[in-house]
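Visitor: I am new to this structure and would like a close look at a single part of it, namely the way its helices pack. Please take me through that slowly, and explain each term as you go.

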Amino acid sequence: MAKSLKQRLAILSDAAKYDASCASSGTQKRDSATSGGLGSTEGMGICHAYAPDGRCISLLKILLTNFCLYDCVYCVNRSSSNVERARFTAEEVVWLTLEFYRRNYIEGLFLSSGIIRSSDYTMEQLVRVAKDLRTLHNFRGYIHLKTIPEASPHLIEEAGLYADRLSINIELPTDQGIEQFAPQKHPARIRQSMSDLSLKIEAAKEPTLKTKRRQRFVPGGQSTQMIVGVDGATDATILGSSVDLYSRFRLRRVYYSAFSPIPDASSALPLSRPPLMREHRLYQADWLYRFYGFDVTEITSVRADGNLELDIDPKLAWALANRDRFPVDVNRADKEMLLRVPGLGTSSVPAILSARRHKRLRLDDLERLRVSVRKVRPFIMAEGWSPLRLTDRTDLRELFAPKPKQLSLFG
Amino acid sequence: MIRLGLRGRGDLAEWRDAARALLRAGVPPTDVDWRVQDGGADLFGLADDPLPPPDPSLSAPTVPAAFLTLADAVICHRDPSRFALLYRLLWRVQGERALLSIPSDPDVARAETLEKAIRRDAHKMKAFVRFKEMGPPHAGRRRFAAWFEPDNYIVARTSGFFQRRFTDMDWIIVTPKGSAAWDGQHLTLSDEPSQKPDLIDDTDDLWRTYFAHIFNPARLKVQAMQSQMPKKYWKNLPEADLIPDLIASAEDRMRDMIDREATQPKPFHYRIRERE
């Protein structure tokens with residue numbers, strides 16, 4: 001019996017939830033006020049709901065189909081899995097996107113697909129959805145398309161004209177991991193595809209000679225995802241791989257997804273899952289690299305085994321391993337060093353720099369700047385405050401580490 | 001002491017006119033008793049004092065642009081002390097021109113806290129308003145309505161977002177703190193409170209299906225969800241009543257995934273693999 005739209009929506013959302021990305025920020029600003037039509041993007045992404053897994057729901061994240069020729073061991077949609085299969089038509093995805101958008105459920109669409117018939121055939125279907133949304137329906141909301149591995153360059157180019165973001169998942173941090181767990185995927189070709197896209201994005205930023213206008217091409221950039229805990233890679237390997245992707249292909253984001261139990265899992269998967277906290281620590285480390293001026297090796301060299309601490313965050317772990325760099329004087333230290341103080345961040349540091357031009361800061365000044373004085377106190381000097389020398393304290397870790405408890409059901 | 005009552009529904013001009021008159025008359029902040037008008041006050045003879053005439057010996061006051069931006073947000077807050085706080089800042093900034101760049105100053109810090117609350121409230125309104133379709137299109141335009149309950153008087157300052165986004169449809173957002181409506185030509189604002197209308201939209205059922213199925217029961221993080229989507233918003237979100245059951249069944253669903261024996265693939269899997 002044919003499945004209803006609602007039944008297929010259930011199947012194809014279930015099939016899409018393992019992609020962590022739901023970002024709708026960082027694209028060009030546009031709206032429909034003067035041009036008519038529907039939709040806008042105003043810089044900041046909006047999370048329209050949160051699921052009980054704590055994840056933001058910003059986009060309608062679905063697969064066009066979960067039939068797939070590939071047999072990636074970790075994937076719920078691999079060809080050897082017995083999950084229920086379904087398929088949307090391009091028109092149905094367009095309809096769902098517009099109707100969800102009009103009710104303000106979503107910022108736009110994140111469309112991916114299992115690979116059916118061929119990479120090009122699958123990619124053509126995805127491009128058609130984006131093209132119809134933009135050209136037939138004047139849709140100006142956010143569109144993220146998954147790039148199908150091995151799809152022809154002209155299809156990627158066309159996708160880039162309509163999509164805000166394109167992504168192709170590297171899946172695992174090492175080439176051996178990809179070969180072992182995703183036998184139909186080829187790491188070198190995935191990187192080639194990222195590289196080609198990165199060059200096209202750069203080229204489109206140059207104003208054309210004729211019109212002096214910049215071409216609109218993937219304004220939200222490209223992103224990727226790595227699954228954590230399937231192969232034996234350490235956090236140092238994972239983050240090293242991310243840095244490589246950020247710097248070589250100018251990726252906007254690398255997403256980390258702690259592998260979790262899936263329906264009808266393959267027996268080739270590891271029995272134990274990584275704690276969700278590991279994924280959280282990787283995001284924190286990724287943040288320190290991108291916004292706090294840390295080198296990834298500084299963060300990953302704290303422990304000899306190359307993994308991040310689970311019970312304390314990577315910035316605190318770095319500070320405790322580098323006690324000679326503290327205390328930091330909030331009235332004199334430069335921005336770079338202030339950013340390294342556990343408890344100070346990208347919003348409190350500019351506030352400190354601004355305020356200290358006018359007065360010498362005390363602890364209660366910091367409190368008014370919404371800094372947690374309890375947390376920063378051991379690491380800073382302020383007017384009227386100098387801490388015990390950190391090197392003299394043996395109980396610092398205990399001060400911050402949470403009371404021992406089970407981190408996750410399988411931690 | 002000068003007693004002044006304002007309607008206080010997020011209109012900066014109302015406060016600005018009074019504050020300008022006070023400043024030009026040289027009235028210090030400690031001599032003003034700012035109040036929010038509540039319909040009944042006048043019955044007890046607590047009428048407003050008249051605004052004092054300007055003092056000709058004072059030069060015309062000026063304000064930095066940053067103050068007006070800050071005030072425009074702070075005035076939307078429901079905190080009854082907002083009028084006095086803003087007047088104190090306005091008074092001080094006449095002599096302390098750099099005041100607003102000292103975020104550790106208690107008045108500045110307080111104003112920034114209120115501003116931040118307004119930003120968050122407006123952001124949550126953009127996120128959690130849910131439009132429901134009202135019958136068939138009218139004159140070629142589809143019509144939608146939403147009920148929302150903001151903490152503060154933010155409907156007017158947030159309405160432009162909805163206008164820029166939902167240009168090709170008619171919509172109205174009604175709240176206990178004012179309403180906004182768009183018909184393709186005009187944005188109509190009101191600061192009068194509204195009653196919750198009865199609204200039903202069948203598409204909510206598809207959205208609820210999506211919400212239930214995009215959730216991964218193997219990664220329950222209830223705290224993370226609630227810090228971003230506090231319970232006070234749930235009653236107006238069509239998907240929220242699914243949450244308790246999704247949480248309650250998550251562990252069993254995960255156990256089931258883990259305990260299940262690996263299955264044999266379907267024939268099509270072997271056909272595909274033979275082609276390799």
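Guide: Helices (H or I, at least four residues) and strands (E, at least two) are DSSP runs, numbered from the N terminus. This is a predicted model, in which local features need pLDDT of at least 70 and side-chain atom pairs count only at pLDDT 80 or more, while totals for chains, interfaces and linings use all residues. Residues are numbered from 1 along each chain as its sequence is written, chains are lettered from A and ligands numbered from 1 in the order in which they are written, and side-chain values use heavy atoms, leaving out hydrogens and water.

A place to begin is the loop between β5 (142-146) and α4 of chain A, where A:Glu150 lies; although not a glycine, A:Glu150 has a positive phi of about 70°. Most residues other than glycine have a negative phi, and most peptide bonds are trans. Another loop of chain A, between α10 (314-321) and β9 (328-329), holds A:Pro327, and the peptide bond from A:Phe326 to A:Pro327 is cis, with omega near 0°.

Helix α4 (residues 153-162) of chain A packs with helix α3 (residues 119-136) of chain A, their axes (lines fitted to C-alpha atoms over the stretch in contact, with angles from 0 to 180 degrees between N-to-C directions) coming within 9 Å and crossing at roughly 25°. That angle makes α3(A) roughly parallel to α4(A), a label for angles under 35 degrees, with over 145 roughly antiparallel, 65 to 115 roughly perpendicular and the rest oblique. The crossing of the two is left-handed, that is, the near helix is turned anticlockwise from the far one by less than a right angle, clockwise being right-handed. Among the residues in contact (heavy atoms within 4.5 Å) are A:Met123, A:Val127 and A:Arg134 of α3(A) and A:Leu155, A:Ala159 and A:Tyr162 of α4(A). By class, this contact has 7 nonpolar, 1 polar and 5 charged residues, where Ala, Val, Leu, Ile, Met, Phe, Trp, Tyr, Cys and Pro count as nonpolar, Asp, Glu, Lys and Arg as charged, and the others, Gly among them, as polar.

Further along chain A, helix α7 (residues 235-249) and helix α8 (residues 276-291) pack at an angle of about 40°, with their axes 11 Å apart, and therefore α7(A) is oblique to α8(A). Their crossing is right-handed, and the contact has 7 nonpolar, no polar and 4 charged residues.

Helices also pack across the two chains: α1 (residues 5-14) of chain A meets α6 (residues 204-214) of chain B at about 25°, with their axes 8 Å apart, so α1(A) is roughly parallel to α6(B). The crossing of α1(A) and α6(B) is right-handed, and its contact includes A:Leu5 and A:Leu9 of α1(A) with B:Leu206 and B:Tyr210 of α6(B).

The wider contact takes 72 residues from chain B and 76 residues from chain A. Together the chains bury about 6,500 Å² between them, 57% of it on carbon and sulfur atoms, buried area being the accessible area (1.4 Å probe) that two parts lose on being put together, summed over both. B:Tyr210, with B:Arg165 and B:Arg219, supplies 13% of the area that chain B buries against chain A, more than any other three residues. Across this interface there are 8 salt bridges, each a side-chain nitrogen of Lys or Arg within 4 Å of a carboxyl oxygen of Asp or Glu, and B:Asp201 and A:Arg103 meet in a salt bridge at 2.7 Å, N to O.
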